[in-house]
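Colleague: Please take a close look at the lining of a single pocket, and then place it in its wider setting. Give cut-offs for the terms you use.

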Amino acid sequence: MAKSKDPKKIDTSTEEKIIEAARKVFLEKGYAATRTRDIAEEAGINLALLNYYFRSKEKLFQLVMVENLQQLFSVVLPIVNNDELTLEQKLETLAENYIDLLIDNSDLPIFILSEIRANPERFKDRLQVQHILRNSSFVSQIREKRPDVEPVHFIVSLLGMIIFPFIAKPILFSDTKRFNALMEERKTLVVKWAKAILET
């Protein structure tokens, strides 16, 4: 008898297994190089079962990508929009939380950047980052502190100091333990460097 497609009867453990496999394969290979067969093999299921749960690679990719973007922005947005935090407190919280997230998900920056570069239109409207940042209290505080500096310059520099080491990790760092220790130190250093930029 054919398996019912009643949503109430969907095996959530199989569905989650497929999503977890998709996360892993997409992070390793990117969208273009990934085949649904790769995901099925990683999940330990046959291709027909994968197609039963998820009709296309695109649908799975959208699910994984949205999840990854939410993970990234769930760290940033509550901080930059928190009117109760001073600029210095925001810098400290951003550096600590972002670095913690990237230590736990070190492949995430390269994956996100490569996919956005490959298909910017897919993410431009969905993210609305420019609008969110432009209207944040974080930008207002930067303008108040340094009215002569365009906040975009400061934000790009701040994110570069946080994210670039994780992008460069495969080239510059072979010892993960040493790398993680350096990133822990960087939580404090990034704040010092950012404050120095604002004071210059």
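Modeller: Helix α1 gives the most to the lining of the second largest pocket, with 4 residues. Helices (H or I, at least four residues) and strands (E, at least two) are DSSP runs, numbered from the N terminus. This is a predicted model, in which local features need pLDDT of at least 70 and side-chain atom pairs count only at pLDDT 80 or more, while totals for chains, interfaces and linings use all residues. Residues are numbered from 1 along each chain as its sequence is written, and side-chain values use heavy atoms, with hydrogens and water left out.

The pocket has a volume of about 170 Å³. Two elements, α1 and α4 (57-80), give two or more residues to its lining. A pocket is an open set of points on a 1 Å grid over the protein atoms alone, where a 1.4 Å probe fits and protein lies on both sides within 12 Å along at least five of seven lines; lining residues have an atom within 4 Å of a point. Grid points are joined across faces, edges and corners, and the volume is the space filled by probe spheres set on the points.

The lining is made of Arg23, Lys24, Leu27, Glu28, Glu67, Asn68, Gln71, Asn105, Ser106, Asp107 and Leu108. By class, these divide into 2 nonpolar, 4 polar and 5 charged residues. Here Ala, Val, Leu, Ile, Met, Phe, Trp, Tyr, Cys and Pro count as nonpolar, Asp, Glu, Lys and Arg as charged, and the others, Gly among them, as polar.

Arg23, one of the lining residues, is found in α1, which spans residues 12-33. Arg23 counts as buried because its relative accessibility is 18%; buried means under 20% relative accessible area, exposed over 50%, and partly exposed in between (1.4 Å probe, protein chains only). Its side chain makes a polar contact of 2.4 Å with the side chain of Glu20. A polar contact is a pair of N or O atoms within 3.5 Å; within protein, one must be able to donate a hydrogen and the other to accept it, and residues adjacent in sequence count only if both atoms are side-chain atoms. Leaving aside neighbours within four places in sequence, Arg23 is in contact (heavy atoms within 4.5 Å) with Glu16, Val64 and Glu67. Glu67 is itself part of the pocket lining.

Now the wider setting. The protein has 11 helices and 0 strands. Of its 200 residues, 38% count as buried. Among contacts with a separation of 6 or more, 69% are between residues 24 or more positions apart. The accessible surface comes to about 11900 Å², and carbon and sulfur atoms hold 54% of that; areas come from the Shrake-Rupley method with a 1.4 Å probe, and for residues only the protein chains shown count as cover.

Leu108 of the lining has the number at which helix α6 (residues 108-118) begins. Leu113 also lies in α6 and, at 46% relative accessibility, counts as partly exposed. The C-alpha atoms of Leu113 and Ile167 are 9.4 Å apart, with their positions 54 residues apart along the chain.

Helix α2 (residues 36-43) has Asp38, Ile39, Ala40 and Ala43 buried. Gly44 follows α2 and has a positive phi, near 75°. Asn46 lies in the loop between α2 and α3 (47-53), where a polar atom of the Asn46 side chain is 2.7 Å from the backbone nitrogen of Leu49. Asn46 counts as partly exposed, at 48% relative accessibility.

Helix α11 (residues 176-199) holds Lys187, which counts as buried because its relative accessibility is 14%. The Lys187 side chain makes polar contacts with the side chains of Asp100, at 2.5 Å, and Glu184, at 2.9 Å. Not counting residues up to four places away in sequence, Lys187 touches Ala95, Glu96, Ile99 and Asp100. Glu199 also lies in α11, but it counts as exposed, at 56% relative accessibility. With the same exclusion of residues up to four places away, Glu199 touches Lys145 and Arg146. Glu199 and Arg146 are 53 residues apart in sequence and 8.2 Å apart in space, C-alpha to C-alpha.
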